[in-house]
Amino acid sequence: MRNRKLIENLTKHINEASYGKLEVILRNLIADEQQATASYLKAAHKIAEKAEEHQDELGMKIVKVLEDIANEEKVHVGELQKCMELIGISNKETIEGEKEASELLKF
């Protein structure tokens, strides 16, 4: 993410009371990245269906590009979550959910 350094510098200069606003900004950016990921994957799926149906090699190459972009968006989410950690916001619910799922998946 190009703006990661900027956000890191901002957090050094913003007082504790302002972190709430920064948290909202970061959460909105995360939501935007997740929406973008979903959009790229949805487009890739639709194109793949048609490309396979018509044996369209170019269409399948485009699908690969869209899937790669979606994966980059996922990386952006991770970078933004790291920024959340920098301002003291952890993702406890996600960590707890992973633990619960692990326990449930043990057979």
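So, the lining of the second largest pocket: by class, that's 3 nonpolar, 3 polar and 4 charged residues. Keep in mind throughout that we're looking at a predicted model. The space in there comes to about 190 Å³. As for who lines that pocket, we have Arg-27, Ile-30, Gln-81, Met-84, Glu-85, Ile-89, Ser-90, Asn-91, Lys-92 and Glu-93. If you sort those by element, α2, α3 and α4 each give two or more residues to the lining, and α3 gives the most, with 3.

Let me stay with one of those lining residues for a second. Glu-85 is one of the pocket residues, and it sits in helix α3. Is Glu-85 buried or exposed? Neither, actually: its relative accessibility is 48%, so it counts as partly exposed, because that label covers the range between under 20% and over 50%. Across from there, the C-alpha of Glu-85 is 10.0 Å from that of Glu-23, and the two are 62 residues apart in sequence.

Okay, stepping back to the whole chain. What does the protein chain have in the way of helices and strands? It has 4 helices and 0 strands, so to speak your order from the N terminus is just α-α-α-α. Of its 107 residues, 21% count as buried. And if you take contacts between residues at least 6 apart in sequence, 67% of them join residues at least 24 apart.

Now the core. The largest nonpolar core has 8 residues, and they are Leu-22, Leu-26, Ile-30, Val-77, Leu-80, Cys-83, Met-84 and Ile-87. The elements giving two or more residues to this core are α2, which runs 19-53, and α3, which runs 57-86. Of the elements, α3 gives the most, with 4 residues. The general background, for anyone who wants it: in soluble globular proteins, nonpolar side chains tend to be buried together. Also have a look at Ile-30 and Met-84 on your screens: both are in the core list, and both turn up in the pocket lining too.

Moving along α2, let me pick out some residues. Glu-33 is in helix α2, and with a relative accessible area of 17% it's buried, because the cut-off for buried is under 20%. What is Glu-33 in contact with, once its neighbours within four places in sequence are left aside? The answer is Glu-73, His-76, Val-77 and Leu-80. Two of those, Val-77 and Leu-80, you've just heard as members of the core.

Gln-35 is in α2 as well, but at 52% relative accessibility this one counts as exposed. Its C-alpha is separated from that of Glu-73 by 9.2 Å, with their positions 38 residues apart along the chain.

Then there's Thr-37, again in helix α2. Thr-37 is buried, with a relative accessible area of 8%. Not counting residues up to four places away in sequence, Thr-37 touches Ala-70, Glu-73 and Lys-74. From Thr-37 to Glu-73 the C-alpha distance is 5.7 Å, and in sequence they're 36 residues apart. So you'll have noticed Glu-73 coming back: it is among the contacts of Glu-33 and among those of Thr-37.

If you follow α2 out, you get to the loop between α2 and α3, and that's where Gln-55 is found. Gln-55 has a positive phi of about 50°, although it is not a glycine. Gln-55 is also exposed, at a relative accessible area of 74%.

Over in α3, take Glu-79. Glu-79 has 14% relative accessibility and counts as buried. Its C-alpha and the one of Arg-4 are separated by 7.4 Å, and those two residues are 75 apart along the chain.

Last stop, α4. Helix α4 covers residues 92-105, and at 1.5 Å a residue its 14 residues should span 20 Å. What do the end C-alpha atoms give? They are 20 Å apart, which agrees. How many of the 14 residues in α4 are buried? The count is 0, so α4 is hardly covered, because buried takes a relative accessible area under 20%. Even so, α4 does give two or more residues to the lining of that second largest pocket, and that's the spot where we came in.

Notes
Residues are numbered from 1 along each chain as its sequence is written. This is a predicted model: local features need pLDDT of at least 70, side-chain atom pairs count only at pLDDT 80 or more; totals for chains, interfaces and linings use all residues. Side-chain values use heavy atoms; hydrogens and water are left out. A nonpolar core is a set of buried Ala, Val, Leu, Ile, Met, Phe, Trp, Tyr and Cys residues joined through side-chain atoms within 4.5 Å. Buried means under 20% relative accessible area, exposed over 50%, partly exposed in between (1.4 Å probe, protein chains only). The expected span of a helix is 1.5 Å times one less than its number of residues. On a 1 Å grid over the protein atoms alone, a cavity is a set of points where a 1.4 Å probe fits but cannot get out, and a pocket is an open set with protein on both sides within 12 Å along at least five of seven lines; lining residues have an atom within 4 Å of a point. Grid points are joined across faces, edges and corners, and a volume is the space filled by probe spheres set on the points. Ala, Val, Leu, Ile, Met, Phe, Trp, Tyr, Cys and Pro count as nonpolar, Asp, Glu, Lys and Arg as charged, and the others, Gly among them, as polar. Contact means heavy atoms within 4.5 Å.
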